[in-house]
Amino acid sequence: MVAKHEPHISSPPVAHSRRFVDAWRWDTVIAAATRAVPPLLFGLRLWTAVCLALYVAFWLELDTAYWAGTTAALVCQPSLGASLRKGWFRMIGTFIGAVAIVALTACFPQNRDGFLLSLALWGGLCSMAATLLRNFAAYSAALAGFTAAIIAGDELGAVGGANGQAFTLALDRVSEIWIGIVCAGIVLAGTEFGGARRRLAGLLAELSGEIAARFTSTLRRGNPEERTVRREFIRKVIVIDPVIDEVKGESSTLRYHSPVLHQAVDAMFAMLAAWRTVDAGLRHAPGSSGAREALHVLRAIPTELREVIEANEPSSWLSDPAGLRGRCRAATEALAEMPSPTVTLRLLADQTAAVIAGLSQVLGGLALLAGNKVREKTADRGYELHVADWLPPLVNAGRTFAAIVAMQMVWIWTEWPSGADAITFTAITVILLSPRSDESYAAAIKFTAGTAIAAGAAAIVLFAGLPNVDSFAGFAIVLGLVLVPVGAMIAQPWNTALFVPIAANFIPMLGPANQMSYNTIQFYNTALAILAGCAAGALSFRLIPPLPQRLRSQRLLTLSLRDLRRLAADPSQRQRSWEERLYSRIAALPADAEPRQRAVLVTALGVGNSIVSLRQTAPQLGFAGEFDAALRHFSSGDCSATMTQLEAADRKLAGDDDLAVMRARGQLLAIRDALSDHRVYFETGA
């Protein structure tokens, strides 16, 4: 009897397991479909923007309507803020490039060689500007070079030389490109509500909260944090800047108050510099005194604020940033006035106050993102350009000039009818990808591969798809078969460099117009010219490679030390200008730079701030002679003599427990600890 019932006992678990597997499969399918929706929506937006731009250009009967569609495809970004910001800067770059090519034509009306060389020089200049600038401003500089090359390609004859129609061509191209920008903006603004503000708020809250929590953990343990942790934070802070640029595109209010957001990023660098100083103080403190004093400083932070910091819940920072900012200010004042019988205690208290003051600035940025009004006046960053290193931009400019001239010579020698297109896309490839440094060659190869795929897709659409449709609706549907899936792939986080050129080059290869041409020879000539230009751009990165990563990193360290020595030697140096140059060098460090190199630059930031502060207080406290002597030795790279003079200044102040004196002694100690930890760098720059 038992045997007869065994199948009935065992069957329910089997059925249950099958139902479980089926449910798991359905959940997997639903999750995959959910993840696919945003990319597909972006593909639809891109397709709609291109079709709208082409429709308007056809309606206006523009000669090369495809530039409107190409521009719409290029402007479209998965983020609304990025798209609007990119469109605005593309307008500026297009206008500058059009003015430049008209001016070049006027300067060399009958001089073919002069016109071609000046075009190459302009391309090199735009490549250098694109390397010097950042984010969408760099893209605008690159567009100035693209636009000049595009108009020149239409203007040049079979073997080179201006045809005198520069102004008309410039007006047409600017009109077509601006139509594409406006159409893309309308489509994206009407279908996407933007999430850059929310994403930036989350990044600031998460990163600043984690830095503050790790810092308080250091104080509680009384032991330094692992250096790799802090160095990883430096890398994370650097990548916030492009998100701020996206936020500027979504809101005019945030764009006006953008210095608050940039100051929040700078404040996190200052927090990391203060954290490093505390770590150094704990390492050099005798016995267990450092741990006791660190715990004393931690307890001086108001309990409510300390509990929020140690809990490290980003929602706490986002829910009431203004209220937490007030608590941070109160904590900063309490730490600044805290009695400190020892130099180490004063150093720890002041640096903890600096960390909380930096956190307060970040909370100011979060309050702005939450919609709170900015009540206090913020320092305007202005338009001062801080160049991290002039050598990489000059190398990029030389490569661009050489690549354009080489393609011009090939064109003249071969008398290739489509050679002007090859020059145009050589300029586009090399100018666009030069700022990517180490990634330039690999990106250029993917750009060329994407262009080849675009050529194949354009051939299929032109000769197999479009002849079978006789309305704009049918034309749009055929375009959608390519643009929607390509747009969906662009929105994916992988291989964007391959799919962007497919969307960008598909339209110019297809060449849509009111009166379509199905000339196979013309199509293959144009496609071959575009491919040849992209391949020539990729080859230029192999023949004239970017500066090696190691050399770039070492130059940034050396230049930062040079500026720090100048700050020590010249009292007239502006602190803010020096800080901005150092921030630009921290951001310019290659992605694969050694963590130690980022840590050294943050250490230099702390040393420079201490020098500026002590230079102001030294005459009042009576140790100006010793401190000036220390700065002279520091400027000459003699760390031993510098530390000797700093110790002499400390001995002169010993015995006085006044708050200002103890604060000055704490800063002297911070400089000595930094010189001790990074002696080789401060002596040799290595």
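**Exercise 1. A serine in a helix**

Decide whether S140 is buried or exposed from its relative accessible area, and describe its surroundings.

Solution. S140 has a relative accessible area of 7%, so S140 is buried (buried means under 20%, exposed over 50%, partly exposed in between, with a 1.4 Å probe and protein chains only). The model is a predicted one, in which local features need pLDDT of at least 70 and side-chain atom pairs count only at pLDDT 80 or more, while totals for chains, interfaces and linings use all residues. Residues are numbered from 1 along each chain as its sequence is written, and side-chain values use heavy atoms, with hydrogens and water left out.

Next, place the residue: S140 belongs to helix α5, residues 135-155 (helices are DSSP runs of H or I with at least four residues, strands are runs of E with at least two, and both are numbered from the N terminus). Then list its contacts (heavy atoms within 4.5 Å). With neighbours within four places in sequence set aside, S140 is in contact with F89, I92 and G93. Last, look at G93 again: its backbone nitrogen lies 3.3 Å from a polar atom of the S140 side chain.

**Exercise 2. An alanine facing a distant segment**

Find which residues A98 touches beyond four places in sequence.

Solution. A98 sits in helix α3, residues 80-107. Its relative accessibility is 6%, so A98 counts as buried. The residues touched are T147, I151, A170 and V174. For V174, the separation from A98 is 76 residues in sequence, against 7.2 Å in space from C-alpha to C-alpha.

**Exercise 3. Aromatic pairs**

State how Y55 and F472 are arranged as a ring pair.

Solution. Start with the rule: rings of Phe, Tyr and Trp (its six-membered ring) pair if their centres lie within 6.5 Å, with planes under 30 degrees apart counted as stacked, over 60 as edge-to-face and the rest as tilted. By this rule there are ten aromatic pairs. In one of them, the ring centres of Y55 and F472 are 5.2 Å apart and the planes stand at 70 degrees, so the pair is edge-to-face. Y55 lies in helix α1 (residues 2-59) and F472 in helix α20, 417 residues apart, and the pair thereby links distant parts of the chain. Y55 has a relative accessibility of 46% and counts as partly exposed; F472, at 26%, also counts as partly exposed.

A further pair is F523 with Y524: the centres are 5.2 Å apart and the planes at 75 degrees, so this pair is edge-to-face. F523 is buried at 5% relative accessibility, whereas Y524 is partly exposed at 48%. To finish, Y55 and F472 join F58 and F475 in one aromatic cluster.

**Exercise 4. Two helices against their expected span**

Compare the end-to-end C-alpha distances of α20 and α23 with the expected spans.

Solution. The expected span is 1.5 Å times one less than the number of residues. Helix α20 covers residues 472-490, 19 in number, and reaches 25 Å from first C-alpha to last, close to the 27 Å expected. There is a kink of about 40 degrees in α20, centred on G480 (the bend is the angle between axes fitted to the seven residues ending at a residue and the seven starting there).

Helix α23 covers residues 549-569, and its 21 residues should span 30 Å; the end C-alpha atoms are 30 Å apart, which agrees. Its buried residues include R552, D563, L556 and L564.

**Exercise 5. Loop residues**

Describe the backbone and exposure of E61 and N312, then the contacts of D63.

Solution. E61 has a positive phi of about 55 degrees although it is not a glycine. E61 is in the loop between α1 and α2 (66-75), and at 63% relative accessibility counts as exposed. N312, not a glycine, has a positive phi of about 55 degrees. N312 is in the loop between α13 (303-311) and α14 (314-319), and is partly exposed at 26%.

D63 is found in the loop between α1 and α2 and is exposed, with a relative accessible area of 64%. Leaving aside neighbours within four places, D63 is in contact with D172 and E176. The C-alpha atoms of D63 and E176 are separated by 9.3 Å, at 113 residues apart along the chain.

**Exercise 6. The whole chain**

State how many helices and strands the chain has.

Solution. The chain has 29 helices and zero strands. Of its 686 residues, 53% count as buried. Among contacts between residues at least 6 apart in sequence, 78% join residues at least 24 apart.

Terms used:
Polar contact = N/O pair within 3.5 Å; in protein donor to acceptor, adjacent residues only side chain to side chain.
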